[in-house]
Amino acid sequence: MRAPVRYWLMLTDVTYSGSGGGGGDGDTCSRSTLNKVAVAVTCDPYQRVAFTHGPARALSAAQASTRAIAHDLGSAAKFTQTGETTWRYVVDLPDDPDEHDALLQHLVRLSTCGDDDPDGLYLDCCAGFAVGPHLPAATTDHDLAEYASAALSLCLRSTDRIRFAENESRAEVRDGLTLAHRLRLSSAADFPLVYQPIVRLSDRQVMGFEALLRWRPDQDVLTPDHFMEEAEASSLILDIGLMTIPVIIETFANTLAPLCASDEPFVTINLSSRQLTDPALAGYIGRTLDNFSVDPGRLWIELREDAAIQNDSSTSKVIDQLHQLGCRISIDDLGSGYSALSYIRDLPVDVLKIDRDLINQVTCDPVSAAVVDAICQMCKAVGIHIVAEGIESEDILRVLHGFGIGYGQGYLFGHPTAAAALAGRTATAG
Ligand code: C2E
Ligand code: MG
Ligand code: MG
């Protein structure tokens with residue numbers, strides 16, 4: 001007979017930090033609010049058990065963990081099943097501050113309880129806590145439940161294991177959902193594109209352009225820092241990409257290519273890691289290039305360094321497909337975070353774009369200059385092209401030129417501009 005499902009809820013690094021702590025603001029702690037805690041829990045959020053042992057096993061492990069908590073808390077807890085592997089429970093808090101803290105500690109620990117059966121399953125679990133006395137705006141059980149769900153939602157986004165709701169949590173999640181909703185209602189016309197020249201540093205001749213997305217929900221034109229996080233989190237970036245990729249390729253064929261002083265002009269598009277999970281992407285790009293008679297080698301695909309580092313088999317398959325199609329693979333923002341550069345060995349990388357924060361330092365910080373120089377040596381050794389991003393001054397340009405960097409981009413040469421305004425310009429920038 002199969003042994004009963006055992007589980008560890010992997011929340012081991014978290015303890016509740018006392019009344020007024022745990023994410024709540026001690027100064028605003030008010031006993032006039034609900035003296036309850038709502039906890040929203042989801043099991044196996046990253047589907048590790050479901051993938052390795054099957055969905056049925058994941059479900060029974062989640063149910064076993066719910067039963068264990070329900071058994072421990074007895075009639076003190078009111079449980080609501082909110083999804084197959086998610087549920088919420090509400091517990092009254094004692095008035096005595098020591099008992100109150102002890103109970104919260106216990107609830108956190110309950111979720112970390114383990115079992116030393118060597119055949120047991122490890123079950124990830126994320127929990128959002130809404131502690132009534134820390135949330136003056138929560139005046140009903142429904143409010144408290146919403147705060148707990150909001151804390152869980154923020155927890156999952158941040159890949160934390162546990163979150164305590166704060167007064168702003170519910171608005172933060174609602175704002176995100178509202179933004180996602182507005183993004184979903186937007187049409188292709190609401191996502192204009194701008195293009196920034198990429199020049200040859202030796203003579204400032206324009207070699208290609210980077211396509212950059214904007215969003216125009218009303219009068220304002222917003223840059224990606226206002227909407228990209230939500231577009232990625234909600235997967236709407238997939239639809240946005242399908243709308244904008246043909247526009248970029250057509251604009252390149254009709255307007256941008258003639259502006260380049262090169263036999264091999266190019267346009268670069270940015271793809272986020274979410275887009276690289278779409279197995280149909282390479283086929284779609286291939287057909288679109290075909291429709292506009294654009295050679296695939298004219299399209300450079302920019303991937304952020306984090307996407308390259310986190311590359312798993314499905315992502316690297318799409319990257320390989322795009323490379324096999326003939327597109328150039330370019331790694332964006334090199335040096336913006338910690339990286340081991342091992343992806344250069346694992347992925348078909350043609351171009352590295354050095355991040356502007358690193359580029360900005362080359363004239364004032366010898367270490368940054370040495371890092372950029374070392375990147376150049378490495379790229380020369382393995383035949384990878386370099387583009388320096390965010391060049392804003394002649395001094396920086398001189399240093400980069402001295403390092404032998406071929407291509408660059410930045411306000412010194414041109415700001416991102418609508419294609420209609422670029423048409424008719426000469427091929428020399430800046
Ligand atoms: P990125 O691909 O690294 O793009 C370069 C960013 O630096 C752009 O910001 C550009 O406007 C800005 N920039 C260029 N030259 C300079 C300079 O000299 N100084 C300074 N301070 N900034 C400069 P933008 O347009 O706000 O785009 C931000 C990021 O959003 C992009 O970073 C890219 O990661 C992402 N993104 C843009 N368009 C798309 C898209 O169509 N799809 C996806 N998935 N991501 C996109
Ligand atoms: Mg880019
Ligand atoms: Mg970049």
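**Exercise 1. The environment of Arg204**

Determine whether Arg204 is buried or exposed in this predicted model, and establish which residue forms a salt bridge with Arg204.

*Solution.*

Step 1. Arg204 has a relative accessible area of 19%. Buried means under 20%, so Arg204 is classed as buried.

Step 2. The salt-bridge partner of Arg204 is Glu394, with 2.6 Å between the closest N and O atoms.

Step 3. Arg204 belongs to the loop between β8 (193-200) and β9, whereas Glu394 belongs to helix α14 (residues 394-402); the pair therefore ties together parts that are 190 residues apart in sequence.

Step 4. Glu394, at 37% relative accessibility, counts as partly exposed.

Step 5. The backbone of Arg204 also deserves attention: its phi is positive, about 60°, although Arg204 is not a glycine.

**Exercise 2. A second positive phi**

State where Ser293 is found and whether Ser293 counts as buried or exposed.

*Solution.*

Step 1. The phi of Ser293 is near 50°, which is a positive value in a residue other than glycine.

Step 2. Ser293 is found in the loop between α8 (281-291) and β11.

Step 3. The relative accessibility of Ser293 is 69%. Exposed means over 50%, so Ser293 counts as exposed.

**Exercise 3. Salt bridges involving helix α5**

Find the salt-bridge partners of Arg170 and Arg182, and locate each pair in the secondary structure.

*Solution.*

Step 1. The model has a count of 13 salt bridges.

Step 2. Arg170 pairs with Glu146, the closest N and O atoms being 3.1 Å apart. Glu146 lies in helix α4 (residues 141-158) and Arg170 in helix α5 (residues 169-185), so this pair ties together parts that are 24 residues apart in sequence.

Step 3. Within this pair, Glu146 is partly exposed, with a relative accessible area of 26%, while Arg170 is buried, with a relative accessible area of 15%.

Step 4. Arg182 pairs with Asp218, and here the closest N and O atoms are 3.7 Å apart. Arg182 lies in helix α5 and Asp218 in the loop between β9 and α6 (228-233), so the pair ties together parts that are 36 residues apart in sequence.

Step 5. Arg182 counts as partly exposed at 37% relative accessibility, and Asp218 counts as partly exposed at 43%.

**Exercise 4. The magnesium site**

Identify the protein donors of the magnesium ion (ligand 2), and name the residue that bridges this ion and the magnesium ion (ligand 3).

*Solution.*

Step 1. The protein donors of ligand 2 are Glu210 (OE), Asn270 (OD1), Glu302 (OE) and Asp332 (OD), which lie 2.0 to 2.2 Å from the ion.

Step 2. Along the chain, the donors of ligand 2 follow the spacing E-x59-N-x31-E-x29-D.

Step 3. Two of these donors link distant parts of the chain: Asn270 in strand β10 (residues 266-271) and Glu302 in strand β11 (residues 299-304) are 32 residues apart.

Step 4. Asn270 is partly exposed, with a relative accessible area of 30%; Glu302 is buried, with a relative accessible area of 1%.

Step 5. The bridging residue is Asp332, and the two magnesium ions, ligand 2 and ligand 3, lie 4.0 Å apart.

**Exercise 5. The shell around ligand 1**

Describe the contacts of ligand 1, the protein cover over this ligand, and the make-up of the shell around it.

*Solution.*

Step 1. There are 25 residues around ligand 1, of which Arg214, Asn270, Asp332, Glu392 and Tyr411 come nearest.

Step 2. An oxygen atom of ligand 1 is 2.7 Å from an N or O atom in the side chain of Asp332. For the side chain of Arg356 the corresponding separation from an oxygen atom of ligand 1 is 2.8 Å, and for that of Glu210 it is 2.9 Å.

Step 3. On its own, ligand 1 has 800 Å² of accessible area, and the protein covers 86% of this.

Step 4. The elements giving two or more residues to the shell around ligand 1 are β9 (206-213), β10, β11 and β12 (328-334). The largest share, three residues, comes from β9.

Step 5. By class, nine residues of the shell around ligand 1 are nonpolar, seven are polar and nine are charged.

Notes. Residues numbered from 1 in each chain as written. Chains lettered and ligands numbered in written order. Predicted model: local features only at pLDDT ≥ 70, side-chain atom pairs only at ≥ 80, totals over all residues. Heavy atoms only, no water. Donors = N, O, S within 2.8 Å, 3.2 Å for Na, K, Ca; no water. Helix = DSSP H or I, 4+ residues; strand = E, 2+ residues; numbered from the N terminus. Buried < 20%, exposed > 50% of the residue type's maximum accessible area, 1.4 Å probe, protein only. Near = heavy atom within 4 Å. Polar contact = N/O pair within 3.5 Å; in protein donor to acceptor, adjacent residues only side chain to side chain. Areas by Shrake-Rupley, 256 points an atom, 1.4 Å probe, with all protein chains shown as cover. Nonpolar A, V, L, I, M, F, W, Y, C, P; charged D, E, K, R; others polar. Salt bridge = Lys/Arg side-chain N within 4 Å of Asp/Glu carboxyl O.
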